[in-house]
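Please keep the structure open in your viewer while you read, and make each selection as it is named. The tour begins at a surface and then moves through a single chain.

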Number of protein chains: 2
Amino acid sequence: MSYESALAALADPTRRGVFERLRSGPQPVGGIAKGMPVSRPAVSQHLKVLKEAGLVREHRDGARRIYEIDPQGLGALRRWLDQFWDSALDAFQAAIDAETSEER
Amino acid sequence: MSYESALAALADPTRRGVFERLRSGPQPVGGIAKGMPVSRPAVSQHLKVLKEAGLVREHRDGARRIYEIDPQGLGALRRWLDQFWDSALDAFQAAIDAETSEER
DNA sequence: ACGTCTGGTAAGTTATGACTTACGGTAAGC
DNA sequence: GCTTACCGTAAGTCATAACTTACCAGACGT
């Protein structure tokens, strides 16, 4: 139920850039916006989307909001992908089997 | 280099529906379009995007084009996600360590 | 108390992309 | 050869969403 919004959130390059920035650890909004090619409000909007997708968590520190990666959304996405990957491998294996049994 | 287009491709619900249909095995375009809420040309366009993202392969069978899941794009996506997941866990672990060492 | 720094939200513009219908082109069946 | 299925592509419409600037509110320092 959550992997849909996670995929949608990570599709946008700028938003993905915001997300990847948090890989180096928790950061305030200003810190993230620093060095980004878009305005700070744009970053805020992206963070909102990421948060709603369960990809990011936020807690306050005085006037600042510290953002960090939320494993939850990431986990949902991975589970979905894995389940997909398995059946892809199955099909792949089946194709190999079929080809092998042809035994040209 | 390929995970970007894979994410973009899987973000759209209809296109994801097309993709998920292939989980039950290779299918011709008409078979995929059957039961979808959009027209057949729309499905064709989605398949084109999926193919360019490395998520889908195609081979001809007479007048038909049989589409199937391509493990390549799926693999690229998974590698990207994993690398991300690792650092998220690292950060998570670091947070736990910090909290534990506080030893309230 | 006042100015400053923080960041979220509103409103409006603009580009993108998901759909439609119409068409063309190839392969199979009669 | 002619028709019928299969499917990709072109052209055009319309909604969405990624930006911008402007504004507002809460926390901190002096």
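**The surface near the DNA**

In this predicted model, the residues of the surface near DNA strand C divide into 10 nonpolar, 8 polar and 4 charged. To see where they sit, select DNA strand C and show what lies around it: 22 residues surround the strand, and the closest are Pro28(A), Gly30(A), Pro41(A), Ser39(B) and Gly62(B).

Which elements supply at least two residues each of this surface? Colour helix H3 (29-33), helix H4 (40-52) and strand S3 (64-69) of chain A, and then add helix H4 (40-52) of chain B, since each of these elements does so.

**Chain A as a whole**

Next, hide the other molecules and show chain A as a cartoon, where you can count 5 helices and 3 strands, which follow the pattern α-α-β-α-α-β-β-α when read along the sequence. Of the 104 residues of chain A, 26% count as buried. Among the contacts in chain A that link residues at least 6 apart in sequence, 54% join residues at least 24 apart.

**The sheet**

Now select the strands of chain A, which form an open sheet of 3 strands in the order S1-S3-S2, with antiparallel pairing. At its edges lie strand S1 (27-28) and strand S2 (56-61) of chain A, each of which pairs on one side only. In general, strands of a sheet pair through backbone hydrogen bonds, in either a parallel or an antiparallel sense.

Finally, zoom in on S2(A) and S3(A), which are paired in the antiparallel sense over 6 bridges. Select His59(A) here, and you will find Ile66(A) of S3(A) standing opposite.

Notes:
Residues numbered from 1 in each chain as written. Chains lettered and ligands numbered in written order. Predicted model: local features only at pLDDT ≥ 70, side-chain atom pairs only at ≥ 80, totals over all residues. Near = placed C-beta within 6 Å. Helix = DSSP H or I, 4+ residues; strand = E, 2+ residues; numbered from the N terminus. Nonpolar A, V, L, I, M, F, W, Y, C, P; charged D, E, K, R; others polar. Buried ≥ 20, exposed ≤ 12 C-beta atoms within 10 Å, placed from the backbone. Contact = placed C-beta atoms within 7 Å. Pairing = 2+ DSSP bridges.
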